Amino acid sequence: DANWSSLRVGVLGLGIAGFAAADALMQLGSQVRIIDSSSSDEVNERANILGSLGASVFLNASELPEESLDLVVTSPGLSPQHPFHKQAELKGIPIWGELELAWRIRAKSGGAPWLCVTGTNGKTTTTLMLESILRSAGLRTEAAGNIGHSLVGVVMHDELDVIAVEVGAPQLPFVHTLSPWASVCLNIASDHIDHFGNFNRYAQAKARIYERTQYAAVYNGHEDAILSMVESADVLEGCRAVGFTRGIPGLSELGVVDGALVDRAFIPNRRDYAQELALVSDIHPVGDHNTENALAAAALARAFGVMNASEDNRISPMAVRDGLRNFNPAPHRNAMVASAGGVTYIDDSKATN
């Protein structure tokens, strides 16, 4: 709803996120400068497209253009310590990431709420499980973000009820005003150390997913580090901490009882009762890690259901069950290839670690 036409914006990097950001900003009327330190065939092709539409293009660049910029939008492939970022900071230019730009592009009122998923392992699976559950509830939704479907592009044409957002750690350092309805960090392990410089910076970036969460900060009850993130997060007043566990759930948790996924967080009489949502046998591919992913997805979906107070069963147990049954895993994630000579062959080449 704002006037973007007076802004001179530098877009750093021409990957999927950078191309989508530049395209969206040009549609909004901004004066776009594209800065990339490379000039591969793919980058050149994208640069030619945007250049023909009026963007200024600087390839093989080692520094920002001398002309003044009002804003820099950076791609997740650039580390927080990248020279471009340091130059922008020295010049006092605000730096936004893809998430921040998408959040600011949203309509001031009526935009689809976001349910955000991050973690070292399981992000894509959980986000797609969440999308499947929401669709089984009859909601208009899309999975977007780090999953390879541009979040900026989805928001630009937002006619949705809710968005399932996969968030990679490199997208989090330049988030400032993002306020998801519910968020989860699934787990944290030594990854992306080369991008952030050390594990503490990586963990601090992951923890930003909980900042300004509105209703439910969902955490893995098997990971003390994640609980500490939730406890120290600056969430909005009234936000609840909701855990999930592969064991019997405590109050305000989702868990597993006698082979069933159950909810003790989003039901009226949760002190004395647990609502069955689905069976562990409904989850595929099988495995403890996917049980955790399914519980996280169910928690986010059930948290969104709270928004619809007049429809207590908007995200019903049946929607959770059907969503998990109908879920189609992304390729190369625990996919059975064949059985031969008594040996089952599994393609899990997308496993993070």
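This is a short walk through a predicted model, from a parallel sheet to a surface patch.

Start with the sheet. Five strands form an open sheet, and their order is β3-β2-β1-β4-β5, with parallel pairing. Its edge strands are β3 and β5 (95-96), each of which pairs on one side only.

Now take the strands in turn. Strand β1 covers residues 8-12 and runs parallel to β2, joined to it by five bridges. One pair to look for is valine 11 and its bridge partner in β2, isoleucine 34. Between these strands comes helix α1 (residues 16-27). Together, β1, α1 and β2 make a right-handed β-α-β unit.

The chain then goes on from β2. It passes through helix α2 (residues 41-52) to reach β3, and this β-α-β crossover is also right-handed. Strand β3 covers residues 56-58. Three bridges join β3 to β2, and the two strands run parallel. Isoleucine 34 appears again here: its bridge partner in β3 is valine 57. So isoleucine 34 has a partner in β1 and a partner in β3, while β2 itself sits between those strands in the sheet order.

Why is strand β2 described as largely enclosed by the rest of the structure? Look at residues 31-35, the five residues of β2. Four of them are buried, so the strand is largely enclosed. Buried here means under 20% relative accessible area.

Turn back to β1 and look towards β4. Strand β4 covers residues 71-74, runs parallel to β1 and is joined to it by four bridges. Leucine 12 stands opposite threonine 74 of β4.

Next comes helix α3, residues 83-90, which holds alanine 88. Is alanine 88 buried or exposed? Its relative accessible area is 0%, so alanine 88 is buried. Leaving aside residues up to four places away in sequence, alanine 88 touches Leu64, Val72, Ile93 and Ile95. Of these contacts, Val72 falls within β4, and Ile95 falls within β5. For a sense of distance, compare alanine 88 with alanine 301. They are 213 residues apart in sequence and 38 Å apart in space, C-alpha to C-alpha.

Finish at the surface. Val337, Val343 and Tyr345 make a nonpolar patch of about 290 Å². Tyrosine 345 lies in strand β16 (residues 343-347). With a relative accessible area of 45%, tyrosine 345 is partly exposed, whereas alanine 88 is buried.

Note on methods. Residues numbered from 1 in each chain as written. Predicted model: local features only at pLDDT ≥ 70, side-chain atom pairs only at ≥ 80, totals over all residues. Heavy atoms only, no water. Buried < 20%, exposed > 50% of the residue type's maximum accessible area, 1.4 Å probe, protein only. Pairing = 2+ DSSP bridges. Right-handed = clockwise from strand over helix to strand, strands pointing away. Patch = residues over 30% accessible without salt bridge, like charges linked within 9 Å, V, L, I, M, F, W, Y side chains within 5 Å. Areas by Shrake-Rupley, 256 points an atom, 1.4 Å probe, with all protein chains shown as cover. Salt bridge = Lys/Arg side-chain N within 4 Å of Asp/Glu carboxyl O. Contact = heavy atoms within 4.5 Å.
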